[in-house]
Amino acid sequence: GGKPLSATGKVFFTMGSGTYVCSGSIVNDSKSDRSIVLTAGHCVFDNATGNFATNFIYYPAFDTTPVTDCTISRCLVATSLVAHNGFTSQSSFTTQATQYDWGFASIPESNINGYAFNSTPFTNSATSYAFGYPAGTPYGGKDLVYCAGPISPDTNNGGLTWGLGCNMTGGSSGGPWLAAFNTTTFDGSVSSLNSYGYGKNSTKMYGPKFNSNTLSTFNAALIVSTATTVV
């Protein structure tokens with residue numbers, strides 16, 4: 001309940017001939033006529049084809065009334081998508097791509113109180129709370145799930161990304177990692193996100209280290225009106 005539910009949502013999109021699901025969260029900004037959604041880079045851009053996703057839809061608080069018929073549900077269609085060149089320049093999900101696996105979408109919604117955006121990197125062993133809508137077994141994609149615990153560098157990835165003990169599966173990608181999460185007010189700042197795991201039985205989730213490149217991508221999302229790559 002509270003902000004973790006209202007500020008987190010499920011993402012639906014098309015890449016090529018396939019339709020997919022991810023997770024995302026609202027990030028606070030200064031505009032009154034729309035909101036910015038943070039999600040994973042691989043949920044907005046297809047490395048294999050070099051194209052942005054289409055039919056990108058954000059459904060806030062999906063766990064409240066989990067339906068998939070957009071004629072009766074609250075489906076908010078993105079007006080623009082933004083990713084960083086560090087991700088879009090890769091033809092597959094490379095080590096570099098994992099470091100830049102974030103993306104932003106602008107949606108026509110102005111009444112959601114989101115999370116603060118934090119481009120200052122986590123510190124090792126800091127506690128993080130991660131949220132998402134895992135759709136792979138044993139989950140079904142209709143429930144908002146969370147993991148919490150200390151983070152540490154992914155040693156399999158040269159320490160370039162963060163790891164968190166978590167068994168969330170596919171569909172949770174893009175869900176927020178919150179720093180300084182207050183378990184009374186349920187508020188915090190978004191400092192990473194669900195990006196990847198190692199196999200379907202992974203006991204850890206991994207996410208990029210937010211930095212000035214993440215901030216520049218977010219700043220671009222505040223002003224662009226089309227699909228855009230930030231250099």
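Before I turn to the pocket, let me fix one convention: Ala, Val, Leu, Ile, Met, Phe, Trp, Tyr, Cys and Pro count as nonpolar, Asp, Glu, Lys and Arg as charged, and the others, Gly among them, as polar. With that in hand, the lining of the largest pocket splits into 8 nonpolar, 6 polar and 1 charged residues. Please keep in mind throughout that what we are looking at is a predicted model.

Let me stay with that pocket for a moment. The space in the largest pocket comes to about 220 Å³, and among the 15 residues that line it, those closest to its centre are Phe13, Tyr20, Cys22, His42 and Ser173. If we ask which elements give two or more residues to the lining, they are strand S1, at 8–15, strand S2, at 18–27, and strand S4, at 45–46. S2 gives the most to this lining, with 3 residues.

That brings me to S1 and S2 themselves. They run antiparallel and are joined by 8 bridges, and within that pairing Phe13 of the pocket lining stands opposite Tyr20 in S2, while Gly9 stands opposite Gly24, again in S2. The hairpin that the two strands make has 2 residues between the strands, and in it Gly16 takes a positive phi near 60°. S1 also has a partner in strand S6, residues 54–60, to which 5 bridges join it, again in the antiparallel sense, and there the bridge partner of Val11 is Tyr58 in S6. Is S1 buried or exposed as a whole? Of its 8 residues, 8 are buried, so the strand is largely enclosed by the rest of the structure.

Stepping back to the sheet that holds these strands, we find 8 strands in an open sheet with mixed pairing, in the order S7-S6-S1-S2-S3-S9-S8-S17. At the edges stand strand S7, at 76–77, and strand S17, at 228–230, and because each has a single partner strand, one side of each is left without a neighbour in the sheet. In the loop between S6 and S7 lies Ala61, which counts as buried because its relative accessibility is 17%, and the cut-off for buried is under 20%. The C-alpha atom of Ala61 is separated by 26 Å from that of Gly163, a residue 102 positions away along the chain. For a second distance of this kind, take Asn51, which lies in strand S5, residues 51–52, and is partly exposed at 44% relative accessibility; from Asn51 to Gln99 the separation is 48 residues in sequence and 19 Å in space, C-alpha to C-alpha.

There is another open sheet to show you. Here 7 strands follow the order S10-S15-S14-S11-S12-S13-S16, and the pairing is once more mixed. Its edges are strand S10, at 116–117, and strand S16, at 204–208, each with a single partner strand, so one side of each is left without a neighbour in the sheet. Strand S13, residues 161–165, pairs with S16 in the antiparallel sense over 5 bridges, and one detail to pick out is that Gly165 has Lys204 in S16 as its bridge partner.

Let me close with the aromatic residues, of which the model offers 21 pairs by the ring-pair rule. One of them is Phe87 with Phe93, an edge-to-face arrangement at 6.4 Å centre to centre with 65° between the planes. Phe87 counts as buried, at 0% relative accessibility, whereas Phe93 is partly exposed, with a relative accessible area of 36%. How are the rings of Tyr129 and Tyr146 arranged? Their centres lie 6.1 Å apart and their planes meet at 15°, so this pair is stacked, the cut-off being under 30 degrees. Tyr129 belongs to strand S11, residues 127–132, and Tyr146 to strand S12, residues 145–153, so the pair ties together parts that are 17 residues apart in sequence. Tyr146 is exposed, at a relative accessible area of 53%.

Beyond these pairs, one aromatic cluster is formed by Tyr100, Trp102, Phe104, Phe117, Phe210 and Phe218. Finally, a charge over a ring: Lys209 lies over the face of Trp162, at 4.5 Å from the ring centre.

Note on methods
Residues numbered from 1 in each chain as written. Predicted model: local features only at pLDDT ≥ 70, side-chain atom pairs only at ≥ 80, totals over all residues. Heavy atoms only, no water. Phe/Tyr/Trp six-rings, centres within 6.5 Å; stacked < 30°, edge-to-face > 60°. Buried < 20%, exposed > 50% of the residue type's maximum accessible area, 1.4 Å probe, protein only. Helix = DSSP H or I, 4+ residues; strand = E, 2+ residues; numbered from the N terminus. Lys NZ or Arg CZ within 6 Å of the ring centre and 35° of its normal. 1 Å grid on protein atoms, 1.4 Å probe; cavity = no way out; pocket = protein on both sides within 12 Å on 5 of 7 lines; lining within 4 Å. Points joined across faces, edges and corners; volume = space filled by probe spheres on them. Pairing = 2+ DSSP bridges.
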